[in-house]
Amino acid sequence: MGNCLVLQTDFGLEDGAVSAMYGVAHTVNPTIRVENLTHDIPPYDIWVASYRLYQTVKYWPQGTVFVSVVDPGVGSNRRSIVCKTRSGHYIITPDNGSITHIMHYEGIEEIRGIDEVKSRLPHSEESHTFHGRDIYAYNGARLAVGEITFEELGALLPAESIKALPLVEAEKNGSILTGSIDVLDVRFGSLWSNIPSSYLKDVGVEPGDSLQVTIYHQGNKVYQNILLFAKSFADVSIGEPLVYINSLVNVGVAVNQDSFSKLYHIGTGIDWSLQVRKAPKVIFED
Amino acid sequence: MGNCLVLQTDFGLEDGAVSAMYGVAHTVNPTIRVENLTHDIPPYDIWVASYRLYQTVKYWPQGTVFVSVVDPGVGSNRRSIVCKTRSGHYIITPDNGSITHIMHYEGIEEIRGIDEVKSRLPHSEESHTFHGRDIYAYNGARLAVGEITFEELGALLPAESIKALPLVEAEKNGSILTGSIDVLDVRFGSLWSNIPSSYLKDVGVEPGDSLQVTIYHQGNKVYQNILLFAKSFADVSIGEPLVYINSLVNVGVAVNQDSFSKLYHIGTGIDWSLQVRKAPKVIFED
Amino acid sequence: MGNCLVLQTDFGLEDGAVSAMYGVAHTVNPTIRVENLTHDIPPYDIWVASYRLYQTVKYWPQGTVFVSVVDPGVGSNRRSIVCKTRSGHYIITPDNGSITHIMHYEGIEEIRGIDEVKSRLPHSEESHTFHGRDIYAYNGARLAVGEITFEELGALLPAESIKALPLVEAEKNGSILTGSIDVLDVRFGSLWSNIPSSYLKDVGVEPGDSLQVTIYHQGNKVYQNILLFAKSFADVSIGEPLVYINSLVNVGVAVNQDSFSKLYHIGTGIDWSLQVRKAPKVIFED
């Protein structure tokens with residue numbers, strides 16, 4: 001039994017596109033196991049695709065093959081690549097920035113270019129707009145079941161030739177912590193920064209402390225308030241905001257049972273930054 | 001080969017949360033088979049989570065392990081439990097009412113408390129807000145593949161210590177049947193009551209009869225009409241309401257190819273009740 | 001190991017309906033592999049269900065069993081059928097037009113009627129409104145794992161007795177190509193016609209040529225413009241329309257990173273037709 005193939009796209013599940021990818025994988029080998037990361041990446045949003053890989057890949061077994069197809073340049077001369085992460089996972093994707101976060105936070109061992117002429121679904125030459133099916137699912141399946149090796153997929157590419165999106169590093173200036181607001185917890189409206197939990201410890205912040213939270217958009221202050229640093233959402237009343245440690249062990253802000261993002265009109269990306277510092281102790285009344 | 005692990009959450013499929021749960025399960029054992037109940041439970045809606053388990057569990061093979069994570073109290077001191085149903089299925093979930101319907105309508109054989117310190121994904125101690133991944137998927141996978149037994153998951157809990165949401169029983173007063181409107185058939189807008197089909201038989205109602213249907217919200221009448229008791233939606237014209245027997249063999253009300261819930265502004269839960277009685281025969285013209 | 005069972009419905013994934021179908025399939029045989037085509041067919045839209053089968057079936061291995069349940073007539077006297085396609089796939093569905101495109105474009109080898117009394121989920125006799133679970137998933141699973149043969153599912157039906165929706169053929173009149181706008185690429189808003197790519201070649205059109213595109217609704221002209229016939233979306237600027245060859249190797253129209261359908265209010269179905277002809281060469285400026 002081979003490894004799992006895990007698919008991510010911005011295709012949605014409303015039509016037959018993702019199922020055709022599954023079908024191609026099962027045609028490569030009927031015993032293959034195919035699973036999903038998500039197919040609801042906002043259309044063309046390479047940043048979010050990159051983040052979702054970073055959020056998820058490490059929880060899968062080593063050897064798992066990820067295929068990520070958010071591909072506004074499909075059919076153009078952008079390259080198709082396969083990479084092996086330092087954690088022992090494979091990712092097949094267009095070379096358009098989709099492995100930005102994995103490259104930066106987890107590390108890549110090797111990257112190879114996929115030959116789109118030689119390595120594609122037989123008889124798919126006339127189709128130029130569905131590489132998700134004809135190139136990515138096809139090669140992902142072959143790699144997952146061991147029909148082709150990582151090395152056979154293509155020639156080595158230098159890491160510095162790989163496209164990466166700009167990232168902003170989290171910073172610790174004295175007792176002030178700053179980071180970018182990287183992504184939205186879609187269903188619950190919480191906002192995830194790239195400030196690691198360890199930074200809070202470094203400056204002596206503990207659950208139960210009050211924090212002054214400031215949010216900037218393109219350098220302009222758009223939100224400021226004193227929030228409880230809570231261990232769980234249930235530590236504050238319904239409707240109250242909080243600072244918490246998210247499931248990637250980074251700093252997040254949320255509202256218990258409501259959407260921080262919608263209530264305060266806060267977006268995500270490197271234009272949005274979160275600043276956190278210890279505030280004078282505030283007594284939260286019951 | 002072990003049993004299936006079936007996941008239910010209110011996380012949606014837009015981000016990496018559910019995929020991380022799948023990954024954890026596959027890391028426990030790469031041969032595991034994971035499937036979904038639904039991930040679109042309305043956020044924090046424990047009642048609907050409980051109903052969807054009741055609607056679905058019995059159609060899966062005995063031994064199937066269900067993990068249901070609608071968990072507004074994640075990280076608080078609410079307990080994590082695993083139960084064995086009288087039908088031979090397992091459910092792992094927070095102790096917050098998520099097994100209300102199963103407990104009442106199907107019956108529970110045994111309930112155990114899960115030790116959240118001992119039985120959790122290795123190295124996940126710093127994360128307090130994603131028990132779906134760190135505790136529920138992890139232990140669900142171990143139980144499904146037989147890496148741990150039901151008994152080993154934790155100590156017995158008395159049934160009367162388990163949290164249950166209030167239910168309203170269906171009633172038969174002479175020829176008048178009353179029940180709560182428990183849930184919405186989301187895609188089609190039909191409303192499902194807890195009045196069993198057998199009650200209609202008991203009072204001599206047969207397909208083709210006309211029924212007087214009254215709906216109350218918090219005791220106030222909000223809808224009344226004479227409806228055909230139809231065997232199938234196609235027995236009435238498009239746009240016409242009907243009474244029918246739903247897939248759980250309870251009484252439902254619907255509009256053929258439209259939404260009863262939206263057209264008449266009818267909600268669900270124990271505040272909403274449905275009353276049905278035989279009406280004088282009405283001739284439906286073609 | 002048997003063949004895959006692939007499910008398509010208009011049930012959505014918000015409640016327990018699809019999971020109950022999965023459960024029934026796993027109860028038939030716990031080793032079965034069940035996958036999805038889509039569950040987001042617009043409610044009652046048999047045309048789209050038929051198109052999605054046509055779009056997807058051929059990418060799955062021979063022997064795959066498809067179950068398609070878009071079934072406004074559930075519980076009425078419409079028949080349940082199983083067909084074997086010329087490509088070696090099986091489809092189980094109500095006889096309501098759901099195999100229109102497959103029948104026309106791929107060809108059917110044999111069609112049989114399913115006995116809804118004999119071949120149904122045991123103890124499901126009282127449920128008349130969920131044949132997806134009680135008849136289709138149940139029989140699909142039995143066929144996929146080899147518990148019953150195609151022949152045993154029911155008696156042969158004459159092809160001419162099978163319900164088909166009206167189709168409009170693509171036409172080539174001199175250098176003018178006309179076809180129907182069959183379906184929407186839901187996520188990206190592109191429109192797919194039934195004009196084969198080969199027709200463009202026949203009239204000497206090549207990538208880089210300019211085409212005059214006219215769209216008619218019920219015979220009335222609703223759109224006309226000169227568009228580039230591009231090999232990939234990236235050949236035009238963001239926001240610009242184009243003609244391209246879609247993943248079924250038919251002619252489509254799109255807007256790079258926007259929705260052609262929404263921008264120009266274009267729908268789908270046989271009332272909508274697309275006309276394409278070579279235009280005088282236009283220079284597209286950078």
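How far apart do the C-alpha centres of domain 1 of chain A and domain 2 of chain A lie? Let's start there and then move outward to the neighbouring chains; please keep in mind that this is a predicted model.

**View 1. The two domains of chain A.** Domain 1 of chain A covers residues 5-161, and domain 2 of chain A covers residues 171-278. The answer to the opening question is 32 Å, taken between the C-alpha centres of domain 1 of chain A and domain 2 of chain A.

**View 2. Where domain 1 of chain A meets domain 2 of chain A.** Four residues of domain 1 of chain A are in contact here, and their partners are four residues of domain 2 of chain A. On the domain 1 side that touches domain 2 of chain A, three residues are nonpolar and one is polar, with no charged residue.

**View 3. The contact of chain A with chain B.** Chain A brings 29 residues to this contact, and chain B brings 29 residues. If you would like some landmarks on the side of chain A that touches chain B, look for β2 (34-36), α2 (46-56) and β12 (241-245) of chain A, each of which supplies at least two residues. Of the elements of chain A, α2(A) gives the most to this side, with three residues. Sorted by class, the side of chain A that touches chain B holds 14 nonpolar, nine polar and six charged residues.

**View 4. The contact of chain C with chain B.** Now let's turn to another pair of chains. Here 29 residues of chain C are in contact with 29 residues of chain B. Which helix of chain C gives the most to the side that touches chain B? Helix α1 of chain C (residues 17-28) does, with seven residues. The side of chain C that touches chain B has 13 polar, 11 nonpolar and five charged residues.

**View 5. Around the rotation axis.** A turn of 120° with a shift of 0.0 Å along the axis lays chain A on chain B, with an RMSD of 0.0 Å. The two copies are therefore related as by a three-fold rotation axis. Of the residues of chain A, A:R33 comes closest to that axis, with its C-alpha at 5.3 Å. Chain C can be laid on chain B by a turn of 120° and a shift of 0.0 Å along the axis, and the RMSD is 0.0 Å. In chain C, the C-alpha nearest the axis belongs to C:R33, 5.3 Å away from it.

Methods: Residues numbered from 1 in each chain as written. Chains lettered and ligands numbered in written order. Predicted model: local features only at pLDDT ≥ 70, side-chain atom pairs only at ≥ 80, totals over all residues. Contact = placed C-beta atoms within 7 Å. Helix = DSSP H or I, 4+ residues; strand = E, 2+ residues; numbered from the N terminus. Nonpolar A, V, L, I, M, F, W, Y, C, P; charged D, E, K, R; others polar. Domains from an automatic or database assignment. Least-squares fit on C-alpha atoms with pLDDT ≥ 70 in both.
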